Amino acid sequence: MGREMHSTTALDKQFVWHPFTQMREWIAPETELTVIVSGRGAVLRDEAGREYLDGNASIWTNLHGHRNPAIDRAIRRQLGRIAHSSFLGLTNELAPRLAERLAGLLAAPDNRYRVFFSDDGSTALEVALKMAIQARLQRGEPRRTRFVSLSSGYHGDTVGAMSLGHSRLFHGAYRAVMFETIEAPGPHCYRCSFNQAAPQRGADQRQVRQCQWECVSELKRLLDQAPATITALVMEPVIQGTAGMWMHPAGYLKRAQEVCRERGIWLILDEVMTGFGRTGAMFACQKEAVLPDFMALGKGLTGGYLPLAATLASGEVFDAFLGQYHQFKTFFHGHSYSGNQLGCAAALANLDVFARRDILKVIARKSARLRQLSQVFWRHPHVGDVRQEGLVCAIELVEDWATKQPFPLAQRTGFRVCAAAKRHGLLTRPIGDVLLLLPPYCATERQLARMVGALWQALNDELPSGS
Ligand SMILES: *Cc1c(COP(=O)(O)O)cnc(C)c1O
């Protein structure tokens, strides 16, 4: 080990507190830290010169690869002008252009979406929540104060976003400061109690499911208990990411929207993970021709470069905030880095890459390839489900595939497999025992094959077939 390597690790272990990390394990002398020093395309390189494929796109943020020339250039060019100036009482050259582009991508017939800028996915959700509550008040609907969200939904770690999630593990400790929300079943066919189909090797449970859309009936029943007290349904469309890549059956989103519409309930879509092509469409809601009342964007908005987020609100919502100053209908909310120029420059360049390179076509081609490659996982007896949507592939490990019995959580099976994958040159983080591949869109077909190969080897290292 070189001296500098030692010092980075030592400083980290002494001074830094990492997210979602048991720090006692982290700071233990035997724990080796990986210090990333550079990246290019789908490859990351550490201080020791080892290279890894970025199998989860740097926690679902990166789209076109690291050091993408067009995004690099846009940020450099913007640096030559200004990095940041306040968005309070001022505007800048970039944010309005980005707002126009984002609204345009949703292609609403009235083109009246308004874009509110913030910093990360959690704040994009907080903004939507506060806008919804205030808009209801100002529209003379003060009783509509409650939110409905899906079980195991994840919308971030701020107090409002946590309240929308239903994760006992992540958020149990903060109950005292969280507000109550109504929990509707997340339509996860593989583990859905309404699905009568027996598990089948090689089959996506969404295609073979046997049910009567009881998840939608249950949503309806919950809303009908007091529809006039509910402001909005909040959900991740098509894929519930942090839940473990729960993929919804086609048609759920459309049905959920109809159920809400009929009751005057708004739809807040969290596209922080699913946005920007990840599911194969620019936005997941476009797969079902659904236009939400609010949409939250983060992660991939800047191509995975900078912390910028956006909340889109419909014209109807926006109108509720217009008035004389003394009526105090203003949205009293803001963040210091709202509309940040460097972030907006990266985001505009990101959208340019989509347009110039026809990225949605690239995603279609590469996701078909990934689907072929990932069929290998079905050969392993401890794989219970292999599901995919666009460039999101999830492999769920189970003790017994015929009963779907999970491994005991404390065995950390998924974690161990991913640690082994790292030794084979692949970086990815599991969710419990769900292994994930979310490659950057620039990953070549060879790199996709190497990612699948590394994960397959790692799986067999940790769980030799027949064990
Ligand atoms: C990551 C994520 C968030 C939170 O975003 P942060 O930038 O981490 O605050 C919210 N919703 C979804 C669906 C996410 O995947």
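The following dialogue explains how to read several features of this predicted model.

Q: What should be known about the numbering and the kind of model before reading begins?
A: Residues are numbered from 1 along each chain as its sequence is written, and side-chain values use heavy atoms, with hydrogens and water left out. The model is predicted: local features need pLDDT of at least 70, side-chain atom pairs count only at pLDDT 80 or more, and totals for chains, interfaces and linings use all residues.

Q: Which residues are around the ligand?
A: A residue is near a molecule or strand if one of its heavy atoms lies within 4 Å of it. Here the residues around the ligand are Trp60, Asp120, Gly121, Ser122, Tyr154, His155, Gly156, Glu236, Asp270, Val272, Met273 and Lys299.

Q: How many residues of each class does the shell around the ligand have?
A: Ala, Val, Leu, Ile, Met, Phe, Trp, Tyr, Cys and Pro count as nonpolar, Asp, Glu, Lys and Arg as charged, and the others, Gly among them, as polar. The shell has four nonpolar, four polar and four charged residues.

Q: Where does the ligand have N or O atoms of the protein beside its oxygen atoms?
A: A polar contact is a pair of N or O atoms within 3.5 Å; within protein, one must be able to donate a hydrogen and the other to accept it, and residues adjacent in sequence count only if both atoms are side-chain atoms. A backbone N or O atom of Gly121 lies 2.8 Å from an oxygen atom of the ligand, and a side-chain N or O atom of Asp120 is 3.5 Å from an oxygen atom of the ligand. A polar backbone atom of Tyr154 is 3.5 Å from a ligand nitrogen atom. On its own the ligand has 380 Å² of accessible area, of which the protein covers 84%; such areas come from the Shrake-Rupley method with a 1.4 Å probe, and for residues only the protein chains shown count as cover.

Q: What span does helix H6 reach, and what is expected?
A: Helices (H or I, at least four residues) and strands (E, at least two) are DSSP runs, numbered from the N terminus. The expected span of a helix is 1.5 Å times one less than its number of residues. Helix H6 (residues 121-138) has 18 residues and reaches 26 Å from its first C-alpha to its last, close to the 26 Å expected. At its start, a side-chain oxygen of Asp120 comes within 3.1 Å of the backbone nitrogen of Ser122. Just after H6, Gly140 has a positive phi of about 75°.

Q: Is H6 mostly covered or mostly open?
A: Buried means under 20% relative accessible area, exposed over 50%, and partly exposed in between (1.4 Å probe, protein chains only). H6 is mostly covered, with 14 of its 18 residues buried.

Q: Why can helix H13 be called largely enclosed?
A: Of the 17 residues of H13, 13 are buried, so the helix is largely enclosed by the rest of the structure. One residue in helix H13 is Ala346, which counts as buried at 0% relative accessibility. The end C-alpha atoms of H13 (residues 341-357) are 24 Å apart, in agreement with the 24 Å that its residues should span. Asn340 caps the N-terminal end, with a side-chain oxygen 3.2 Å from the backbone nitrogen of Leu342. After H13 comes Asp358, whose phi is positive, near 50°.

Q: Which residues of helix H16 are buried?
A: An α-helix has 3.6 residues a turn, so residues three or four places apart point the same way. In H16, the buried residues include Leu448, Met451, Val452, Leu455 and Leu459. Helix H16 (residues 445-462) reaches 26 Å from its first C-alpha to its last.

Q: How many disulfides does the structure hold?
A: A disulfide is a pair of cysteine sulfur atoms within 2.5 Å. The structure holds zero disulfides. Cys393 is in none, and the nearest cysteine sulfur, that of Cys418, is 12 Å away, too far for a bond. Cys393 counts as buried at 0% relative accessibility, and Cys418 counts as buried at 7%.

Q: Which residues other than glycine have a positive phi, and where are they found?
A: Among them is Ala57, with a phi of about 50°; Ala57 is found in helix H3 (residues 57-60) and is buried, with a relative accessible area of 0%. Another is Asn111, with a phi near 45°. Asn111 lies in the loop between helix H5 (95-106) and strand E4 (114-118) and counts as exposed at 52% relative accessibility.
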